[in-house]
Amino acid sequence: MTRDIWPTELVLKRAERRLEIAFDDGTRLSLPAEYLRVESPSAEVQGHGPDQKVTVAGKHAVGITGLEPVGNYAVRILFDDGHDTGIFTWRYLSELGAEYETRWAAYLAALKAQGLER
(Lines give C-alpha, C1' and ligand atoms only; values in the text may rest on other atoms or scores of the structure.)
Protein backbone atom coordinates (compact mmCIF):
# COMPACT_ATOMS: atom_id res chain seq x y z
CA MET A 1 0.00 0.00 0.00
CA THR A 2 1.27 3.46 -0.91
CA ARG A 3 1.77 5.84 1.98
CA ASP A 4 -0.18 9.06 1.98
CA ILE A 5 1.58 12.17 0.80
CA TRP A 6 1.52 15.28 2.90
CA PRO A 7 1.83 18.93 1.85
CA THR A 8 4.63 20.89 3.46
CA GLU A 9 3.74 24.15 1.76
CA LEU A 10 0.64 25.60 0.09
CA VAL A 11 1.05 29.04 -1.49
CA LEU A 12 -1.67 30.90 -3.33
CA LYS A 13 -0.21 33.18 -6.01
CA ARG A 14 -3.26 35.34 -6.74
CA ALA A 15 -1.66 37.65 -9.30
CA GLU A 16 -0.30 34.67 -11.28
CA ARG A 17 -3.55 32.70 -10.75
CA ARG A 18 -1.61 29.65 -9.52
CA LEU A 19 -1.48 27.36 -6.53
CA GLU A 20 1.98 26.18 -5.53
CA ILE A 21 2.30 23.03 -3.46
CA ALA A 22 5.30 21.26 -1.97
CA PHE A 23 4.91 17.69 -0.72
CA ASP A 24 6.95 15.77 1.82
CA ASP A 25 8.27 13.47 -0.91
CA GLY A 26 10.06 16.42 -2.52
CA THR A 27 7.50 17.00 -5.27
CA ARG A 28 6.76 20.65 -6.04
CA LEU A 29 3.78 21.68 -8.15
CA SER A 30 2.60 24.96 -9.63
CA LEU A 31 -0.96 24.45 -10.85
CA PRO A 32 -2.91 27.07 -12.84
CA ALA A 33 -6.26 28.17 -11.42
CA GLU A 34 -7.95 27.40 -14.74
CA TYR A 35 -6.70 23.81 -14.64
CA LEU A 36 -7.83 23.35 -11.04
CA ARG A 37 -11.24 24.82 -11.87
CA VAL A 38 -11.89 22.60 -14.89
CA GLU A 39 -10.63 19.51 -13.03
CA SER A 40 -12.52 20.26 -9.81
CA PRO A 41 -13.52 17.08 -7.98
CA SER A 42 -17.01 18.52 -7.44
CA ALA A 43 -20.11 16.76 -8.70
CA GLU A 44 -20.80 19.86 -10.83
CA VAL A 45 -17.70 19.05 -12.90
CA GLN A 46 -17.19 15.30 -12.42
CA GLY A 47 -20.85 14.31 -12.40
CA HIS A 48 -22.09 11.38 -10.35
CA GLY A 49 -20.59 8.61 -12.46
CA PRO A 50 -17.54 7.81 -14.57
CA ASP A 51 -19.06 8.97 -17.88
CA GLN A 52 -20.67 12.17 -16.63
CA LYS A 53 -17.70 14.57 -16.55
CA VAL A 54 -18.62 18.04 -17.80
CA THR A 55 -16.33 20.08 -20.04
CA VAL A 56 -16.19 23.45 -18.29
CA ALA A 57 -15.61 26.30 -20.76
CA GLY A 58 -14.82 30.00 -20.39
CA LYS A 59 -12.46 29.73 -17.41
CA HIS A 60 -9.27 31.12 -18.98
CA ALA A 61 -9.22 34.12 -16.61
CA VAL A 62 -10.58 32.42 -13.48
CA GLY A 63 -8.74 33.17 -10.26
CA ILE A 64 -8.57 31.73 -6.77
CA THR A 65 -9.89 33.91 -3.97
CA GLY A 66 -9.10 31.65 -1.06
CA LEU A 67 -8.25 28.28 0.40
CA GLU A 68 -10.07 26.56 3.26
CA PRO A 69 -8.64 23.53 5.05
CA VAL A 70 -10.87 20.46 5.17
CA GLY A 71 -9.77 18.31 8.07
CA ASN A 72 -6.20 17.09 7.68
CA TYR A 73 -6.74 15.55 4.26
CA ALA A 74 -7.80 18.26 1.81
CA VAL A 75 -8.37 21.87 0.86
CA ARG A 76 -11.45 23.60 -0.54
CA ILE A 77 -10.45 26.01 -3.30
CA LEU A 78 -12.62 29.12 -3.64
CA PHE A 79 -12.70 30.42 -7.21
CA ASP A 80 -13.67 33.95 -8.23
CA ASP A 81 -16.49 32.64 -10.45
CA GLY A 82 -18.30 31.46 -7.30
CA HIS A 83 -17.34 27.79 -7.56
CA ASP A 84 -16.42 26.46 -4.13
CA THR A 85 -17.75 22.92 -3.84
CA GLY A 86 -14.67 20.95 -4.87
CA ILE A 87 -12.71 19.33 -2.06
CA PHE A 88 -9.18 18.69 -3.33
CA THR A 89 -7.49 15.92 -1.36
CA TRP A 90 -3.71 15.94 -1.15
CA ARG A 91 -3.64 12.78 -3.25
CA TYR A 92 -5.89 14.32 -5.93
CA LEU A 93 -3.71 17.45 -6.11
CA SER A 94 -0.66 15.21 -6.51
CA GLU A 95 -2.42 13.30 -9.31
CA LEU A 96 -3.35 16.57 -11.02
CA GLY A 97 0.31 17.55 -11.00
CA ALA A 98 1.55 14.18 -12.25
CA GLU A 99 -1.10 14.00 -14.99
CA TYR A 100 -1.09 17.66 -16.00
CA GLU A 101 0.05 17.23 -19.60
CA THR A 102 -2.34 14.37 -20.36
CA ARG A 103 -5.36 15.94 -18.63
CA TRP A 104 -4.73 19.40 -20.12
CA ALA A 105 -4.42 17.98 -23.66
CA ALA A 106 -7.65 16.01 -23.18
CA TYR A 107 -9.40 19.16 -21.90
CA LEU A 108 -8.27 21.23 -24.88
CA ALA A 109 -9.37 18.44 -27.26
CA ALA A 110 -12.79 18.24 -25.56
CA LEU A 111 -13.24 22.01 -25.88
CA LYS A 112 -12.39 21.87 -29.57
CA ALA A 113 -14.64 18.88 -30.23
CA GLN A 114 -17.57 20.66 -28.56
CA GLY A 115 -16.89 24.04 -30.21
CA LEU A 116 -16.18 25.68 -26.85
CA GLU A 117 -13.64 28.35 -25.84
CA ARG A 118 -11.33 28.51 -22.86
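This is a short tour of a predicted model, stop by stop, with something to select at each one.

**Stop 1: the annotated span**

Start by selecting residues 12–93. The UniProt record, an unreviewed entry, lists this stretch as "domain: Gamma-butyrobetaine hydroxylase-like N-terminal". Colour the span by secondary structure and you will see 17% helix and 35% strand. Now pick the C-alpha atoms at its two ends: they lie 14 Å apart.

**Stop 2: the nonpolar core**

Next, show the side chains of Leu31, Leu36, Ile77, Phe88, Leu93 and Leu96. These residues have the most contacts inside the largest nonpolar core, which has 25 residues. Which helices and strands each supply at least two residues of this core? They are the strands β2 (18–23), β3 (28–32) and β5 (74–79), together with the helices α1 (33–38), α3 (90–98) and α4 (100–113).

Stay here and centre the view on leucine 36. Setting aside neighbours within four places in sequence, leucine 36 is in contact with Leu19, Leu31, Ile64, Ile77, Phe79, Phe88, Leu93 and Leu96.

**Stop 3: arginine 103**

Move to helix α4 and select arginine 103. Its side chain makes a polar contact with the side chain of glutamate 39, at 2.8 Å. Without counting residues up to four places away in sequence, arginine 103 touches Tyr35, Glu39, Tyr92, Glu95 and Leu96. You have met Leu96 already, among the residues with the most contacts inside the core.

**Stop 4: two salt bridges that link parts of the chain**

Side chains of opposite charge can pair when their charged atoms come close. How many salt bridges does a search of the whole structure find? The search finds eleven, and here are some to visit.

Select arginine 91 and aspartate 4, which form a salt bridge with their closest N and O atoms 3.1 Å apart. Arginine 91 sits in helix α3 and aspartate 4 in the segment before β1 (7–13), so this pair ties together parts that are 87 residues apart in sequence. Arginine 91 is partly exposed at 35% relative accessibility, while aspartate 4 is exposed at 58%.

Now select glutamate 9 and arginine 28. Their closest N and O atoms are 3.0 Å apart, and they too form a salt bridge. Glutamate 9 belongs to strand β1 and arginine 28 to strand β3, so the pair ties together parts that are 19 residues apart in sequence. Is arginine 28 buried or exposed? With 59% relative accessibility, arginine 28 counts as exposed, whereas glutamate 9, at 35%, counts as partly exposed.

**Stop 5: glutamate 44 and its network**

For the last stop, find glutamate 44 in helix α2 (residues 43–46). Glutamate 44 forms a salt bridge with arginine 37, the closest N and O atoms being 3.3 Å apart. Arginine 37 is buried at 4% relative accessibility, because buried means under 20%. Glutamate 44, at 47%, is partly exposed. Add Lys59 and Asp81 to your selection: salt bridges with shared partners join Arg37, Glu44, Lys59 and Asp81 into one network.

Histidine 83 is worth showing as well, since the side chain of glutamate 44 makes a polar contact with the side chain of histidine 83 at 3.1 Å. Apart from residues up to four places away in sequence, glutamate 44 touches Arg37, Val54 and His83.

To finish, pick the C-alpha atoms of glutamate 44 and aspartate 4. These two residues are 40 residues apart along the chain, and their C-alpha atoms are separated by 27 Å.

Definitions and conventions
Residues numbered from 1 in each chain as written. Predicted model: local features only at pLDDT ≥ 70, side-chain atom pairs only at ≥ 80, totals over all residues. Heavy atoms only, no water. UniProt positions renumbered as here; feature names shortened; annotations may be inferred. Helix = DSSP H or I, 4+ residues; strand = E, 2+ residues; numbered from the N terminus. Core = buried A, V, L, I, M, F, W, Y, C linked by side-chain atoms within 4.5 Å. Buried < 20%, exposed > 50% of the residue type's maximum accessible area, 1.4 Å probe, protein only. Contact = heavy atoms within 4.5 Å. Polar contact = N/O pair within 3.5 Å; in protein donor to acceptor, adjacent residues only side chain to side chain. Salt bridge = Lys/Arg side-chain N within 4 Å of Asp/Glu carboxyl O.
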